[in-house]
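Work through the following exercises on the model displayed below. Each task is followed by a solution in steps.

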Amino acid sequence: RFPIYYVKAMLIICVVSLPFYIGSLLSTSFFHFLQAIPLKYSFLDPNENYKYQFILHSAATSVDAFTGLIRNAGPFNEAGLHALFLTIGYYFNFITSRKLFNFAGVIFLISILFTFSTSAFLGLFFLLFGLFQELKIHRGVKILAFLTFIIFSINFFFTNNLMYSKINDEIGTANDKDLNEFTGGRFYGARKAIFV
């Protein structure tokens, strides 16, 4: 029953943290108010290495370079980590409900979107591709929808700065680094894992 409990836990995390995140997008003063909470009440922030983070939500100032919007880290120290747990939750939600777009699935997708994580977007693309094959629908409809999905995905990847430019920049940065440097970033980490 682990997938069922995992989905419930991640849904609670999203339902609690999304209002904090959306409020931060809409109001700078609300965002600064959130940042002050762990500074005033240190018991809410058990780890001193991460400022502006409290148990329910991270109000760290990670901003997406392409959209200029704050990234949704949920209660985690980093938006990409939140996206990883959300992607797993989306998969578990599908295998327990056999639906792509039920309430939990939509909340997970919205939350993943606001992490602005390229790794999550790529992971979600491959996950949706695989899950789509599992749906029990007429074969002709499945082929048509599959082709539409592929065309939309390719168009989205090559015309969207968030994906194409960001991935190109990250790959270029990873390739320029010496393999003995501190591991930071997923592409550089993958390069080190393959070649070291």
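The exercises treat aromatic pairs, nonpolar cores, a polar residue, empty space and backbone angles.

The model is predicted, so local features need pLDDT of at least 70 and side-chain atom pairs count only at pLDDT 80 or more, while totals for chains, interfaces and linings use all residues. Residues are numbered from 1 along each chain as its sequence is written, and side-chain values use heavy atoms, with hydrogens and water left out.

**Exercise 1. Aromatic pairs**

Task: Classify the pair formed by Tyr6 and Phe92, and state which parts of the chain it ties together.

Solution.
1. Rings of Phe, Tyr and Trp (its six-membered ring) pair if their centres lie within 6.5 Å; planes under 30 degrees apart are stacked, over 60 edge-to-face, and the rest tilted. The structure holds nine aromatic pairs.
2. For Tyr6 and Phe92 the centres are 5.2 Å apart and the planes stand at 85°, an edge-to-face arrangement.
3. Tyr6 belongs to helix H1 (residues 2–26) and Phe92 to helix H3 (residues 79–97), so the pair ties together parts 86 residues apart in sequence. Helices (H or I, at least four residues) and strands (E, at least two) are DSSP runs, numbered from the N terminus.
4. Burial follows from relative accessible area: under 20% is buried, over 50% exposed, and in between partly exposed (1.4 Å probe, protein chains only). Tyr6, at 13%, is buried, and Phe92, at 15%, is also buried.
5. The rings of Tyr91 and Phe92 have centres 5.9 Å apart and planes at 45°, so this pair is tilted. Tyr91 is partly exposed at 36%.
6. Phe2, Tyr6, Tyr91 and Phe92 form one aromatic cluster.

**Exercise 2. Nonpolar cores**

Task: Determine which elements build the largest nonpolar core, and what Tyr90 touches.

Solution.
1. A nonpolar core is a set of buried Ala, Val, Leu, Ile, Met, Phe, Trp, Tyr and Cys residues joined through side-chain atoms within 4.5 Å.
2. The largest core has 25 residues, of which Leu86, Tyr90, Leu100, Phe108, Ile112, Leu124 and Leu131 touch the most other members.
3. Two or more residues come from each of H1, H3, helix H4 (103–113) and helix H5 (118–134). H5 gives the most, with seven residues.
4. Apart from this core lies another of seven residues, among them Phe31, Leu34, Ile37 and Ala59.
5. Contact means heavy atoms within 4.5 Å. Leaving aside residues up to four places away in sequence, Tyr90 touches Leu100, Phe101, Gly105, Phe108, Leu109, Leu124, Leu127, Leu128 and Leu131.
6. The buried residues of H4 are Ala104, Gly105, Ile107, Phe108, Leu109, Ser111 and Ile112. Their cover includes H1, H3 and H5.

**Exercise 3. A polar residue**

Task: Decide whether Asn93 is buried or exposed, and list its contacts.

Solution.
1. Asn93 lies in helix H3.
2. With 4% relative accessibility, Asn93 counts as buried.
3. Not counting residues up to four places away in sequence, Asn93 touches Val7, Arg98, Lys99, Asn102, Ala104, Gly105 and Phe108.

**Exercise 4. Empty space**

Task: Describe the lining of the largest cavity and that of the largest pocket.

Solution.
1. On a 1 Å grid over the protein atoms alone, a cavity is a set of points where a 1.4 Å probe fits but cannot get out; a pocket is an open set with protein on both sides within 12 Å along at least five of seven lines; lining residues have an atom within 4 Å of a point. Grid points are joined across faces, edges and corners, and a volume is the space filled by probe spheres set on the points.
2. One cavity of 30 Å³ or more is found in the whole structure.
3. Tyr21, Ser24, Phe31, His57, Ser58, Ala59, Ile70 and Arg71 line the largest cavity. H1 and strand S2 (57–58) each supply at least two residues of this lining.
4. The largest pocket holds about 590 Å³ of space. Among its 20 lining residues, Phe125, Leu128, Phe149, Phe152 and Ser153 are the closest to its centre.
5. H4, H5 and helix H6 (139–159) are the elements that give two or more residues to the pocket lining.

**Exercise 5. Positive phi**

Task: Locate Arg98 and Phe116, and state the phi of Arg98 and of Phe116.

Solution.
1. Arg98 lies in the loop between H3 and H4, and its phi is near 60°, a positive value in a residue other than glycine. At 41% relative accessibility, Arg98 is partly exposed.
2. Phe116 is placed in the loop between H4 and H5, and its phi is near 55°, again positive in a residue other than glycine. At 6% relative accessibility, Phe116 is buried.
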